[in-house]
Amino acid sequence: MRNFNYTRKICAFLCALLCIGSMSGCSTIMQSLADGTDAVLNGLADGTNIVMSGLADGADQAFGAFVNDAGTAALTPQNKLQGRREKGVDDYTGAYEATYSDFTGTERLFGGTTLEREAGNTIHIICSLSLESGEAAVFLCSGAEDPVILLSDSGEYDGTADVDGASTYVGVWGDHAGGTVSIEIR
């Protein structure tokens, strides 16, 4: 029992000696811990900034893709068209030919809501309309502006239009229309 008390006293003495000896290093240890904490917190802040910036960039890309998809969804699906549409390099370009027989309705053929079009902001529209009965028109809708009639009687049209981020569509409207239409957009 005596040996046990003696061992306890020696251990207590050594612990006290180590504490006193390390007191001079306590401030250094505490400063190192503080510096390490600062480094970790700064790293977390930098990482948070990188993540937030990446999310913002991703959100911009996701929003652009959403807007583009919404524009594509507004086009008349191929299986609902009276004629045949062949798409070009994007939804704004291509060719369409149809023969109408008592057609009443509207077909949105080309266009979209792309914020920034890779092929530039100008499209070239060439179209012809040959009516035998009823009424028909080839039109251009851009943004909130009223539709512009490009061609409403038998004849031909050749011109350009800007597609600068607003929703822009080229289509055909008919009221008991009989005849043919041909549209090419480059």
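Reader: Which residues does Tyr96 touch, not counting residues up to four places away in sequence?

Author: A contact list shows what surrounds a side chain. In this predicted model, Tyr96 touches Leu81, Gln82, Gly83, Arg84 and Arg85, among others. The list also includes Glu107, Leu109 and Phe110. Val181, Ser182 and Ile183 are on it too.

Reader: Which residues have the most contacts inside the largest nonpolar core?

Author: Start with the core as a set, then look for its best-connected members. Here the largest nonpolar core has 25 residues. Those with the most contacts inside it are Tyr96, Ile123, Ile125, Val138, Val181 and Ile183. Two or more residues each come from β2 (94-112), β3 (122-142), β4 (148-151) and β6 (168-185). The largest share, seven residues, comes from β3.

Reader: Which strands pair with β3, and over how many bridges?

Author: Read pairing strand by strand. β3 and β6 run antiparallel, joined by 16 bridges. One of the partners there is Ile185 in β6, set against Ile125. β3 also pairs with β5 (residues 155-162) in the antiparallel sense, over eight bridges. In that strand, Glu156 stands opposite Ser128. With β4, β3 has three bridges, again in the antiparallel sense. Val138 has Leu151 in β4 as its bridge partner.

Reader: How many residues lie between β3 and β4 in their hairpin?

Author: For a hairpin, look at the turn. Five residues separate β3 from β4. Gly143 is in this turn, with a positive phi of about 60 degrees. Ala144 is also found in the loop between these two strands.

Reader: Why does Ala144 count as exposed?

Author: Compare its relative accessibility with the cut-off. Exposed means over 50%. Ala144 is at 84%, so it counts as exposed. Now check its distance to Thr168. The two are 24 residues apart in sequence. In space they are 9.6 Å apart, C-alpha to C-alpha.

Reader: How many aromatic pairs are there?

Author: Look at the ring centres, then at the angle between planes. The count comes to one aromatic pair. Tyr100 and Phe103 form it, at 4.6 Å centre to centre. Their planes are 15 degrees apart, and planes under 30 degrees apart count as stacked. So this pair is stacked.

Reader: Are Tyr100 and Phe103 buried or exposed?

Author: Both Tyr100 and Phe103 are buried.

Reader: Which residue lies over the face of Tyr169?

Author: A ring can also have a charged group over its face. For Tyr169, that residue is Arg108, at 4.7 Å from the ring centre.

Note on methods: Residues numbered from 1 in each chain as written. Predicted model: local features only at pLDDT ≥ 70, side-chain atom pairs only at ≥ 80, totals over all residues. Heavy atoms only, no water. Core = buried A, V, L, I, M, F, W, Y, C linked by side-chain atoms within 4.5 Å. Buried < 20%, exposed > 50% of the residue type's maximum accessible area, 1.4 Å probe, protein only. Helix = DSSP H or I, 4+ residues; strand = E, 2+ residues; numbered from the N terminus. Contact = heavy atoms within 4.5 Å. Phe/Tyr/Trp six-rings, centres within 6.5 Å; stacked < 30°, edge-to-face > 60°. Lys NZ or Arg CZ within 6 Å of the ring centre and 35° of its normal. Pairing = 2+ DSSP bridges.
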